[in-house]
Amino acid sequence: MPTALAAIVDDFQALSEPERLQLLLEFSQGLPELPERLRDHPELLEQVVECQSPLFLTIETEEVGPATEVRLFFKAPAEAPTTRGFAGVLHEGLDGLTAEEILSVPDDMPELLGLTRAITPLRMRGMTAMLGRIKRKVAAASAAGS
């Protein structure tokens, strides 16, 4: 698992359940707004329909020296703190990494946050779907770039 994401998982695992929910709320508040170029073009974002709240995402790749970095962008309403929180976790843990690093994230990573008893199974499925969608988009972008 990438270092930044592993550190976030460790932070969640070190807390009690109520504290984990509070940390998820903090991640929801830290989710960056969309850049203007995407704000004005919602057709460039893809909805993750498995999420209970409307969540849209896209990725962009950026050449940085010899590596290709993946940039993540999310749009989720402020009144959906659980969805925004998990998007915030993925943004902080994965944004700027290489495709290989993102593709190495275990599919069950959302369960490692220790929220399965505090959050409904439907919301957990949405979190897993969000990660899966990112990984599929990264894999497709990598294949197109090769």
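The buried residues of helix α1 are covered by elements that include α2 (17–30) and α4 (81–94). Here helices (DSSP runs of H or I, at least four residues) and strands (E, at least two) are numbered from the N terminus, and contact means heavy atoms within 4.5 Å. The model is a predicted one, in which local features need pLDDT of at least 70 and side-chain atom pairs count only at pLDDT 80 or more, while totals for chains, interfaces and linings use all residues. Residues are numbered from 1 along each chain as its sequence is written, and side-chain values use heavy atoms, with hydrogens and water left out.

As for annotation, UniProt lists residues 10–136 in an unreviewed entry as "domain: Fe-S metabolism associated". UniProt positions follow the numbering used here, feature names are shortened, and annotations may be inferred rather than shown by experiment. Over residues 10–136 the chain is 45% helix and 16% strand, and the C-alpha atoms at the two ends are 25 Å apart.

We can now turn to the first helix. Helix α1 spans residues 3–13, and its buried residues are Leu5, Ile8, Val9 and Phe12. Seen down the axis of α1, these buried residues fall within an arc of 100°, so they line one face of the helix. The arc is that of the directions from the helix axis to the C-beta atoms. Buried means under 20% relative accessible area, exposed over 50%, and partly exposed in between (1.4 Å probe, protein chains only).

Two packed helices are described by the angle between their axes and the distance between the axes. Axes are lines fitted to C-alpha atoms, for helices over the stretch in contact, and angles run from 0 to 180 degrees between N-to-C directions. Helices α1 and α4 pack with their axes 7 Å apart, at an angle of about 135°. That angle makes α1 oblique to α4; angles under 35 degrees count as roughly parallel, over 145 as roughly antiparallel, 65 to 115 as roughly perpendicular, and the rest as oblique. The crossing of α1 and α4 is right-handed. A crossing is right-handed if the near helix is turned clockwise from the far one by less than a right angle, and left-handed if anticlockwise. On the α1 side, Ala4, Leu5, Ile8 and Phe12 meet Val89, Glu92, Gly93 and Leu94 of α4.

Leu94, in helix α4, gives a close-up of this packing. At 0% relative accessibility, Leu94 counts as buried. Leu94 and Leu5 are 89 residues apart in sequence, yet 6.7 Å apart in space, C-alpha to C-alpha. Leaving aside neighbours within four places in sequence, Leu94 is in contact with Pro2, Leu5, Val70, Leu72, Ile102, Val105 and Leu131.

The other named partner of α1 is α2. The axes of α1 and α2 are 9 Å apart and the helices pack at an angle of about 140°; α1 and α2 are therefore oblique to each other. In this pair, Ile8, Asp11, Phe12 and Gln13 of α1 meet Arg20, Leu23, Leu24 and Phe27 of α2.

Helix α4 also packs with α6. The axes of α4 and α6 come within 10 Å and cross at roughly 35°, and the crossing is right-handed. The contact is made by Thr82, Thr83, Phe86, Ala87, Leu90 and Leu94 of α4 together with Arg123, Met127, Met130, Leu131 and Ile134 of α6. Among these, Thr83 of α4 is buried, with a relative accessible area of 5%. Beyond its neighbours within four places in sequence, Thr83 is in contact with Cys51, Ser53, Leu55, Ala76, Arg123 and Met130.

Two further residues of interest belong to α6. Lys135 is found in this helix, which covers residues 121–145, and at 12% relative accessibility Lys135 counts as buried. Lys135 touches Ile102, Leu103, Val105, Pro106 and Asp107, not counting residues up to four places away in sequence. Val138 also lies in helix α6 and counts as buried at 2% relative accessibility. Val138 and Thr61 are 77 residues apart in sequence and 8.6 Å apart in space, C-alpha to C-alpha. With neighbours within four places in sequence left aside, Val138 is in contact with Ile59, Val70, Ala99, Ile102 and Leu103.

A contrasting case is Gly65, in the loop between β2 (56–64) and β3 (67–75). Gly65 is exposed, with a relative accessible area of 63%. Gly65 and Ala78 are 13 residues apart in sequence and 36 Å apart in space, C-alpha to C-alpha.
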